[in-house]
Structures are given as structure tokens and as C-alpha cells.
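Me: I would like a close look at one part of this protein, the annotated binding site. Please start from the fold and work inward.

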Amino acid sequence: MTMKLSTDPSAATLLPIAKKEGIATVWDRHRAMQPQCGFGQLGVCCRICWKGPCRIDPFGDGPQRGICGADADTIVARNVIRMIAAGAAGHSEHGRHVALALQGVAEGRLPAYQIRDEAKLRAVAAKLDICTEGEDIPAIAAAVAKATLEDFQNQDHDVPCNWIEATLTKKRLERLQALHVLPHNIDAVITQIMGRTLVGCDADPVNLILGGIKGALADFNGMCLATELSDALFGAPAPVVTAANLGVIKQDAVNIAVHGHNPLLSEVVCEVAGQMDEEARKAGAKEGINIVGICCTGNEVMVRHGIPLAANYLSQELALVTGAVDAMVVDVQCIMPSVSEIGACFHTAVITTMAENKIPGATHVDFKEETALENARRIVATAIDAYKRRDPRRVNIPDFKQTAIVGFGVESVLAALATLNAEDPLQPLIENIANGNIRGIALFAGCNSTQVAQDSSFVTMAKKLAANNVLMLATGCGAGSFAKHGLMTQEATLEYAGESLKAVLTAIGTSAGLNGPLPLVLHMGSCVDNSRAVQVAVAVADKLGVDLDQLPLVASAPEAMSEKAVAIGTWSVALGIPTHLGTMPQVTGSAKVTELLTQTAKDLLGGYFLVELDPEVAADKLLEVIEERRKGLGI
Ligand code: XCC
């Protein structure tokens with residue numbers, strides 16, 4: 001039996017073309033990898049020293065300890081917290097980069113960047129308890145950057161990071177403090193994880209997992225600051241109508257795909273592309289330059305500027321198979337190394353931009369904030385040049401795109417609610433949760449994985465939760481799935497939302513001037529923007545005087561794949577949120593670690609992992625959790 005690879009209609013069009021052209025895609029490599037290593041899947045393979053590799057026999061007949069004496073519990077715990085450290089490093093490095101850029105703007109060193117959202121900068125300063133009275137914007141930006149960079153520098157273990165302290169409920173902070181898992185310094189916490197998991201160090205699975213939770217909370221801290229400072233630099237998202245799927249690529253334009261994560265690159269490329277449009281037309285592109293997004297960079301520019309999204313993670317290669325992408329510009333994370341080889345099968349310039357993220361075969365443009373405009377001009381010129389070499393006979397742009405209404409940050413959600421109650425914008429939301437019109441809230445996050453037919457679990461779960469009146473938020477490639485499948489439209493709300501949810505979304509959307517309901521799923525942005533959903537939840541919890549683990553709020557990563565998803569899922573649990581995983585986490589080789597994450601966590605933190613691979617059943621389980629939480633609140 002062949003498993004369906006993707007439910008994205010573009011894949012059905014382009015995979016046969018890839019096959020005909022002899023191009024291997026992620027799905028071909030997945031098939032070639034079967035059967036995958038069972039020890040790895042269980043997390044019981046240890047490769048942290050050269051006495052190994054060692055693996056524990058899950059059936060009990062063979063070795064139960066590695067050569068050094070580590071058992072399955074120790075090995076699994078070490079492996080999973082190293083994944084958390086890697087995820088936290090990725091997000092936090094992204095955050096540091098943005099913080100340093102803010103500092104550079106404050107000092108007048110970066111002509112390519114400005115503070116585009118002064119109100120947001122002031123709000124961030126207030127949140128961090130920075131006095132702004134009588135201060136001008138550069139001074140406020142400098143103070144915010146300084147307070148943020150302290151989160152990478154503070155050496156006092158008893159003083160938590162500024163951002164986490166400014167973000168969570170008081171009760172949550174106390175609970176995390178009591179467990180000694182509040183991070184004091186992002187870099188230090190990540191380093192500690194690497195240090196304690198060396199051969200001959202921490203062997204206690206409980207202690208290791210607590211260290212991992214601290215690392216995950218450092219990840220949360222890094223995501224919060226990345227989101228909020230990016231908003232100050234580039235503007236907080238506001239609702240905008242755009243489109244998603246490979247049909248957004250244009251036959252008669254120079255198509256530049258921006259791919260990766262950090263808006264510091266993509267924002268400048270978008271701006272410079274606007275300035276160089278005429279050059280593209282002169283080169284024969286009747287429609288000038290067309291920027292499209294892939295993965296989270298795509299989400300960043302989509303929610304801020306309405307730039308269309310071409311692909312989420314699993315279809316990044318297919319964007320190249322269209323034969324119409326002239327340049328793919330990448331920065332960090334989730335870029336398949338295969339893209340340079342596939343780009344070379346066509347005329348496509350694959351351009352890497354970060355000194356620490358290169359791909360063999362790609363063109364490298366050393367992108368620096370100081371020289372961003374000049375670098376971006378070179379990137380766009382490379383794309384125009386490649387366009388001239390495009391072979392029209394090899395162009396196959398699938399005729400699939402869906403409208404998507406996106407751009408729901410905290411500010412825009414509150415602004416929409418304020419049209420119903422200007423004095424107290426949260427009141428209409430809380431009232432509708434209390435009276436049951438909205439049963440609960442689900443945050444969909446995370447990746448695509450070849451373990452699941454692309455997008456299928458997201459879409460199946462969302463339809464079921466919608467029918468049961470659950471309000472849905474989405475980020476990352478999950479948001480990409482919903483956008484591509486038409487679930488970020490008003491029509492989807494009318495078609496799939498339960499009656500009471502439909503009424504609420506219609507009331508808010510209509511009064512906010514959308515001439516109809518809000519879309520069925522609200523696009524909050526990229527992976528780092530999961531912090532936006534937490535902000536909304538914290539505001540609701542604070543208003544009700546409860547903690548996050550009492551709210552009818554759940555999270556789900558139905559197609560999780562990345563180490564970053566491991567970090568996000570773990571902080572979600574640490575914040576008290578029941579968190580569904582629809583792919584099997586590589587921890588089940590240890591009964592103890594599995595129990596810690598799925599059961600003990602519930603007592604310690606209120607949140608816990610819920611693993612369910614069947615999306616229909618997963619939705620039912622989340623509905624049960626929501627009802628259980630409602631009962632706890634007496635609503
Ligand atoms: Fe997508 Fe963010 Fe996952 Fe990567 S990890 S596959 S959500 S692009 Ni952020």
C-alpha cells in the first residue's frame with residue numbers, strides 16, 4: 001500500500017514532474033530511508049562519546065546499559081534535552097540578532113532599518129518596566145535593547161530573565177521558580193544542557209528533564225523577545241488579505257522566494273525589490289518582481305505585509321520544481337540542503353546569506369545589517385539575471401492558490417475585540433468563553449513531517465474542533481497548512497464553524513469592518529510568534545485571576561518534526577498547557593521519561609504532553625481536555 005504523501009494539491013501536480021525530471025524530493029528520500037532505525041525512534045541510541053555508539057535493547061534480551069553504565073532513562077533524557085537546547089539555540093540566536101539590530105538602530109548605525117512601530121516600542125518598554133518619560137525613540141530603543149541583551153548576559157542565578165518575568169502570570173512564575181526552572185540567562189542555560197549531558201555527568205532522568213524544561217523556558221524567552229522586537233522594527237501585524245500555495249508564483253514576473261526565519265533579511269529584500277521593479281520589467285518580466293514566502297520567513301512577511309506564501313516546509317522543493325523561481329534566498333533553519341541541487345537542475349539561484357548557514361552548491365551573499373541594502377540589491381540583481389536564463393518550456397506553476405486573511409497579532413486581535421467593547425476589549429472574548437459560545441481555544445503550531453501526509457492532520461483536526469466551537473490560532477508551517485487549504489477565509493468559517501463559534505466570529509468580524517466573520521483559523525505569524533498566543537492567554541488568565549493551567553486552552557503540533565518543536569512543546573507544557581503531538585516523540589524507549597512528560601508534568605506544571613497519531617481521535621481528546629478545564633472553572 002502506498003501512503004498518501006501530501007494532501008496539498010500542488011504536490012499531486014508537481015511530484016510526477018519531479019519524477020520525470022529525475023529529481024528526488026523529501027518523500028523519495030523518506031521512502032529510501034525505510035525501515036528507519038528503531039533504536040533512534042525510541043531515543044535509546046547514545047552517541048555522546050566514542051566508546052559508543054551504544055543502544056539499549058528495548059525487548060530486554062540484550063544490553064540494558066551503555067558501556068559507561070547509562071541506562072535507557074538516562075540516555076533518552078539526555079537525547080531529548082539536547083534537542084531542546086538546539087531548538088532554544090535556534091530561536092534565541094534569531095532573537096539576539098534582532099536585539100542587536102535594535103541596538104544598532106538606536107545608535108544610528110543601520111541605515112536599512114528604522115523603528116516602524118513606535119507605539120509597539122513604547123509598549124515593550126512599559127512591559128519591561130523601562131521609564132520612557134521624556135525619552136526620545138532612539139533612547140527608548142537603546143534601553144529596550146539593553147534590557148533584552150541582559151537576558152543573554154546576566155550571571156545571577158536568582159534573577160530570572162527580564163522577558164519571561166514580564167510575560168507570564170505571577171502564579172506561573174512562582175510555580176516555575178519553586179521548581180528552579182526559571183532561566184536567568186539564555187546562553188548559560190543552553191550551555192548547561194550541553195555540559196550536563198556530556199559523558200559522565202548528569203545521569204538522573206528527573207534532574208535532566210528539569211534542566212530541559214529550563215532550557216525550553218529559555219527558548220520561550222528568546223521567542224518572546226524575537227517577536228516583540230521584530231514588531232517594533234517592522235510593525236505589528238494587522239489583518240490583510242493575501243494568498244497561499246504555489247499558484248502565487250507568477251509566470252511573467254521575476255519570482256524571488258524568501259525562505260528561512262529572520263525578518264532582518266526578508267524585510268530588506270522586499271523593500272529593495274520594490275525599488276528594482278523597473279529593472280525586472282526591462283529584463284522582460286511584464287509583472288516586475290514577485291516576492292513569495294516559504295516557511296517562517298514567509299509567515300513573517302505574510303502577516304506584516306500580505307506577501308503571499310508559496311509553501312510550507314515539505315513543499316519547499318516543489319517551489320523549485322515549478323521552474324519559475326528565479327532566486328531562493330535563505331537565512332537560517334528549516335532549509336533542506338537539497339534545494340541547491342534542485343535549483344541547479346533549473347536556472348534558479350539559491351542564495352545563502354548567513355556566515356554560519358551555508359549550503360554546498362549555493363551562491364553565498366554575506367548579509368550584514370550594516371550593509372543590508374547593498375547586499376539585498378545584489379540578491380535581487382542575481383534573481384533578475386537568473387530570470388533571463390529561465391526556460392519557459394520547463395515552467396509548471398500549479399493552478400492552486402487560496403485566499404488567506406492573515407495578520408492576527410495581539411494588538412490586532414484586541415483592536416477587533418475593542419470594536420465590540422472599547423473600554424474592556426477582552427470582555428467579549430471572556431464572556432463568550434464563559435457562556436460556552438466558544439468552548440475553548442486551540443493553538444496549532446509546528447512543522448510538516450514525512451511521517452504524516454502533508455497538512456492532513458492539521459486540516460482534519462481543525463475541521464473537527466471548529467465544528468465543536470473551538471477558537472483556533474495558528475503559527476509556523478501549521479498556519480501555512482491552513483492558509484493553503486482555504487481555512488483562513490470567511491467562507492471556511494461559514495462552512496465549518498459550529499453555530500455559536502460562527503456567531504461570535506461573525507459579530508467580531510463584522511464590527512471590525514471585515515464585512516463578515518473572522519477567518520476560521522487566525523494566523524498569528526511564525527514559530528517565534530507562538531509567544532503572541534501566550535500573551536493573549538496571559539491577559540485572559542490575569543483578568544480572571546487564574547493561572548494558565550486552568551484555562552480551556554490547548555496546543556497541538558500534529559505534524560511536529562524540528563528540534564525547535566521539541567523546545568516549543570516543552571515550554572507549552574511548562575506553562576500549563578495540555579500539548580498534543582501527532583508524531584511519535586523519540587522518548588518512548590524510557591518508561592520513566594515518557595511518564596514524566598505525559599503524567600508527572602501534569603502534577604508539577606498543570607500542562608502535559610498528549611501523544612495521539614490519529615487526528616480524529618486527537619481532536620476528540622483535546623475536546624475532552626477543554627471540557628475538563630471548563631468544569632474546573634465552573635463554566
Ligand atoms: Fe516550519 Fe518555522 Fe517547523 Fe520549520 S520549525 S518546519 S514550523 S519553519 Ni520553526
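Among contacts in the protein chain between residues at least 6 apart in sequence, what percentage join residues at least 24 apart? And what surrounds the residues of the annotated binding site?

Reply: The figure is 75%, counted among contacts between residues at least 6 apart in sequence. Bear in mind that this is a predicted model. The chain holds 26 helices and 16 strands. Its radius of gyration is 24 Å, which agrees with the value near 26 Å for a compact globule of 635 residues. The C-alpha atoms fill a box of roughly 65 × 65 × 50 Å along the principal axes. Buried residues account for 57% of the chain.

Now the site. An unreviewed UniProt entry annotates His261, Cys296, Cys334, Cys447, Cys477 and Cys527 as "binding site". They are spread over 267 residues of sequence, yet they cluster in space, with a largest C-alpha distance of 13.2 Å.

Take His261. It sits in the loop between β4 (254–259) and α11 (263–275). His261 is buried because 30 C-beta neighbours lie inside 10 Å, and 20 or more are required. Leaving aside residues up to four places away in sequence, His261 touches His94, Cys296, Thr297, Asp331, Val332, Gln333 and Ser526. One of these contacts, Cys296, is also in the annotation.

Next, Cys447. This residue lies in the loop between β11 (440–444) and α19 (456–467). Cys447 is buried too, with 26 other C-beta atoms within 10 Å. With the same sequence neighbours left out, its contacts include Tyr313, Gly476, Cys477 and Glu559. Ala560, Met561, Ser562 and Ala565 are also among them. Here Cys477 is the annotated partner.

Technical notes:
Residues numbered from 1 in each chain as written. Predicted model: local features only at pLDDT ≥ 70, side-chain atom pairs only at ≥ 80, totals over all residues. UniProt positions renumbered as here; feature names shortened; annotations may be inferred. Helix = DSSP H or I, 4+ residues; strand = E, 2+ residues; numbered from the N terminus. Buried ≥ 20, exposed ≤ 12 C-beta atoms within 10 Å, placed from the backbone. Contact = placed C-beta atoms within 7 Å. Rg over C-alpha atoms; globule rule 2.2 N^0.38 Å.
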